[in-house]
Amino acid sequence: MLYVSDQTDMSAIDFIRFRSGRSLDVMRLSADDLDDRIKSGSSDQSKPGQRAASPKTEQHTQASDGDSRVVKLINDIINDSIRRKASDVHLEPGEDQVQCRARIDGVLLNSHQITLDDAPEVISRLKIMSGLDIAEKRRPQDGRIGFKYQQRMVDIRVSIIPTDGGEKAVLRLLDKESLKLDLDSLGFTESQLSLFTEKISMPNGIILVTGPTGSGKTTTLYAVLSHLNSAQVNICTVEDPVEYNLKGINQTQVRPGIGVSFSTMLRSLLRQDPNIIMVGEIRDRETLDMAIRASLTGHLVLSTLHTNSAVSTLSRLLDMGAEPYLLSSSLRLIVAQRLVRKNCPHCISDTTGDEHLAAARKLNLPEGTAIKSGSGCAQCNHTGFTGRTALYELLPISDAVKQLVTDGASEQEIIETARQDGFTVMSQVAASLIENGQTTSVEVLRELSV
């Protein structure tokens, strides 16, 4: 039995349950009665002469029933989100309820409903599961949960922040089973895959994968590491954070709080006799200089950058302070990418909607191009889409492009020269997907922001 004077303080109650490892019944007493019990050392039985708790001030609740209800609710939310292949789950406090939304194929969709009365217990339960401080409600907290789903473990990253309406939680679901590590399944065209495979097989140089947050850059790099992984090579990574653990690969995480940044860790990795190094992101001049140095001393370096296209990446690197002649000597390939949703094969049909036709014109598709889209069915949760595929733009750094970089040529000059060697911009790749009925013009326009 747990005696309390404030039964609404669920954080303290949950903390005691968590620490004791027991399911406790909760009884509310007046402050005087609670003080008497503490002083007398009494547990459940009242001693002679001790005041009994007044029925008016005593509330006896079976906390285990409430616990099981909240546990079931959280388990249902996580299980359903994993089943629907969600990448994130958002629990957002509102005026009359907590909105639960799951990000599926890059779009947030409504999921379960949580009442405001249950919200504190749900957040406390998530904190307990992820090893966070349940009494801390003023500062952001980050943790992780190992969740068992259908005989396998799914890693869940938990982020909780305070808002005006209460605490908001976001769960990042990292399900290794849903991770595509086969280069053939990523979305490369046949010619792109041949070029990409050729460049990642080189013994040294820098290969950059670029795009906005959520465009699948990490998945592409993990697929490369999985393809190159063998007993004959030493692969090391420095990431922020390590999203998936890959067998046979040495993965480390940056820790800025103790001075372990991308550049400092990269410097240390060079003393680990690596063949291949993956740097999660090139964020500053120092990291860029270290990456160039590593590539010029016989290492294959893989990394990412936040830019909108393959050609604009060159300008960004020069703006960061890279020497043009060193950059042109070390770069092997720049890959820009986006993710677009694929039409559901169960409800796909021809469409002549004004929105689709307007998007097709903005994409400069030929007049009369047949556009297909999903109408929505039970198989696709009535969204019209199932899964996503990547759009890629590959810029190999040929001798001609190297010369243009050294000479300080414009982006348009580089594009025109690269096209002579077969370079295809992303919008052209997207056009072929639309014509083949794999996606819609509206979806492509949403991602490319033409």
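The questions and answers below concern a sheet, the helix packed on it, two cysteines and a helix pair.

This is a predicted model, in which local features need pLDDT of at least 70 and side-chain atom pairs count only at pLDDT 80 or more, while totals for chains, interfaces and linings use all residues. Residues are numbered from 1 along each chain as its sequence is written, and side-chain values use heavy atoms, with hydrogens and water left out.

Me: Which strands are the edge strands of the open sheet with the order β6-β5-β4-β9-β8-β7?
Reply: Strands here are DSSP runs of E with at least two residues, and helices are runs of H or I with at least four, both numbered from the N terminus. Two strands pair if DSSP finds at least two bridges between them, and the pairing in this six-stranded sheet is antiparallel. An edge strand of this sheet pairs on one side only, which is the case for β6 (107-115) and β7 (141-149).

Me: Which residue of β6 is the bridge partner of Ile-104?
Reply: Strand β5 (residues 97-104) runs antiparallel to β6 and is joined to β6 by seven bridges. For Ile-104, the bridge partner in β6 is Val-107.

Me: What angle does the direction of helix α4 make with that of β9?
Reply: Helix α4 (residues 119-129) packs on the sheet, where contact means heavy atoms within 4.5 Å, and touches β4, β5, β6, β7, β8 and β9. Angles run from 0 to 180 degrees between N-to-C directions, with axes fitted as lines to C-alpha atoms, for helices over the stretch in contact. The direction of α4 makes with that of β9 an angle of about 45 degrees.

Me: How many of the eleven residues of α4 are buried?
Reply: Buried means under 20% relative accessible area, exposed over 50% and partly exposed in between, with a 1.4 Å probe and protein chains only. Among the buried residues of α4 are Val-122, Ile-123 and Leu-126. The helix is largely enclosed by the rest of the structure, because the number of its residues that are buried is eight.

Me: How many disulfides does a search of the whole structure find?
Reply: A disulfide is a pair of cysteine sulfur atoms within 2.5 Å. Cys-100 is buried at 1% relative accessibility, and Cys-236 is buried with a relative accessible area of 3%. The number of disulfides found in the whole structure is zero.

Me: Are α12 and α13 roughly parallel or roughly antiparallel to each other?
Reply: The axes of α12 (residues 399-407) and α13 (residues 411-419) come within 9 Å and cross at roughly 170 degrees. Angles under 35 degrees count as roughly parallel, over 145 as roughly antiparallel, 65 to 115 as roughly perpendicular and the rest as oblique. The two helices, α12 and α13, are therefore roughly antiparallel.
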